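Subject: Structure for your review

Dear colleague,

Please find below the structure I agreed to pass on to you. I would be grateful if you could look it over before reading my notes.

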Amino acid sequence: MEKILLTYAPQGGFTEQAAYEIAQSITFAQCNVMPGSKVSEKDFETYTFFIIGIATLGNDSWNSGKQDADTVHLQNIINKTDFSKKTIALFGLGNAVLYPSHFVDEMGIFEQQLIAKHASIVGYTPAIEYTFKDSKALRGTQICGLALDYDTELHTSKERIGRWALQLEKEL
Ligand SMILES: Cc1cc2nc3c(=O)[nH]c(=O)nc-3n(C[C@H](O)[C@H](O)[C@H](O)COP(=O)(O)O)c2cc1C
């Protein structure tokens, strides 16, 4: 296993906290953590394995023009990059109690954009472990990454991250 680049957006909140907790749980590879606004096109060319974390802060935020600098920068680079032969796992911060019909939507939007740019996505998780109505990240019975709700389910997050890290060891 080569190095993994873990990038996330936005900075300063639970997404950043989760980014470092996930990086600490990855024991099978060197995991370099970088906020979204610091990632360059060269980084996306250099690495083969990525973990991308994204918070959902609105219902239809891709291209809405209201996003934070980290998210906008990540989206711009993704739009310019060909992810053929790149493998990516996603995690998403959300709140299933306040936004049950749009739980971690942004992770699903990112997944679609990355697939359109030929990325292989790994790290899907069972949706049954969460209570929500709908999500753009829902793929049949699975969610297209690790959903984390630090607002209302902080107590389960550590265990979820630990399990996901073991899953990634097999899938990345
Ligand atoms: C304005 C706003 C809109 C939000 N919209 C959603 C949403 O549509 N779906 C969701 O799952 N969570 C939503 N959330 C919850 C956030 O994703 C959650 O609080 C997350 O931890 C924020 O990331 P941060 O702590 O890194 O800033 C929203 C939060 C805010 C403040």
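The notes below describe what was found, beginning with the ligand and ending with the backbone.

Please bear in mind that this is a predicted model.

Ligand site

The ligand occupies the largest pocket. It is surrounded by 17 residues, and the closest of these are F14, T15, T56, H102 and D151. Sorted by class, this shell consists of eight nonpolar residues, eight polar residues and one charged residue.

Several polar contacts involve oxygen atoms of the ligand. In the case of T15, the side chain places an N or O atom 2.6 Å from a ligand oxygen. With V104 the contact comes from the backbone, where an N or O atom lies 3.0 Å from an oxygen atom of the ligand. L93 also contributes through its backbone, with a polar atom 3.3 Å from a ligand oxygen. The ligand taken alone exposes 630 Å², and the protein buries 75% of that area.

Aromatic pairs

The count of aromatic pairs comes to eight. One of them joins F50 and F83: the ring centres are 6.2 Å apart and the planes meet at 85°, so the pair is classed as edge-to-face, the cut-off for that class being over 60 degrees. This pair links distant parts of the chain, since F50 belongs to strand β3 (residues 49-55), F83 lies in the loop between α3 (69-80) and β4 (87-93), and the two are 33 residues apart.

Backbone

Two points of backbone geometry may interest you. The peptide bond from A9 to P10 is cis, with omega near 0°; P10 itself is located in the loop between β1 (4-9) and α1 (14-25). K85, a residue other than glycine, has a positive phi, near 70°. K85 is found in the loop between α3 and β4.

Yours sincerely

Key
Residues are numbered from 1 along each chain as its sequence is written. This is a predicted model: local features need pLDDT of at least 70, side-chain atom pairs count only at pLDDT 80 or more; totals for chains, interfaces and linings use all residues. Side-chain values use heavy atoms; hydrogens and water are left out. A residue is near a molecule or strand if one of its heavy atoms lies within 4 Å of it. A polar contact is a pair of N or O atoms within 3.5 Å; within protein, one must be able to donate a hydrogen and the other to accept it, and residues adjacent in sequence count only if both atoms are side-chain atoms. Accessible areas come from the Shrake-Rupley method with a 1.4 Å probe; for residues, only the protein chains shown count as cover. On a 1 Å grid over the protein atoms alone, a cavity is a set of points where a 1.4 Å probe fits but cannot get out, and a pocket is an open set with protein on both sides within 12 Å along at least five of seven lines; lining residues have an atom within 4 Å of a point. A molecule sits in a cavity or pocket if more than half of its atoms lie within 2 Å of its grid points. Ala, Val, Leu, Ile, Met, Phe, Trp, Tyr, Cys and Pro count as nonpolar, Asp, Glu, Lys and Arg as charged, and the others, Gly among them, as polar. Rings of Phe, Tyr and Trp (its six-membered ring) pair if their centres lie within 6.5 Å; planes under 30 degrees apart count as stacked, over 60 as edge-to-face and the rest as tilted. Helices (H or I, at least four residues) and strands (E, at least two) are DSSP runs, numbered from the N terminus.
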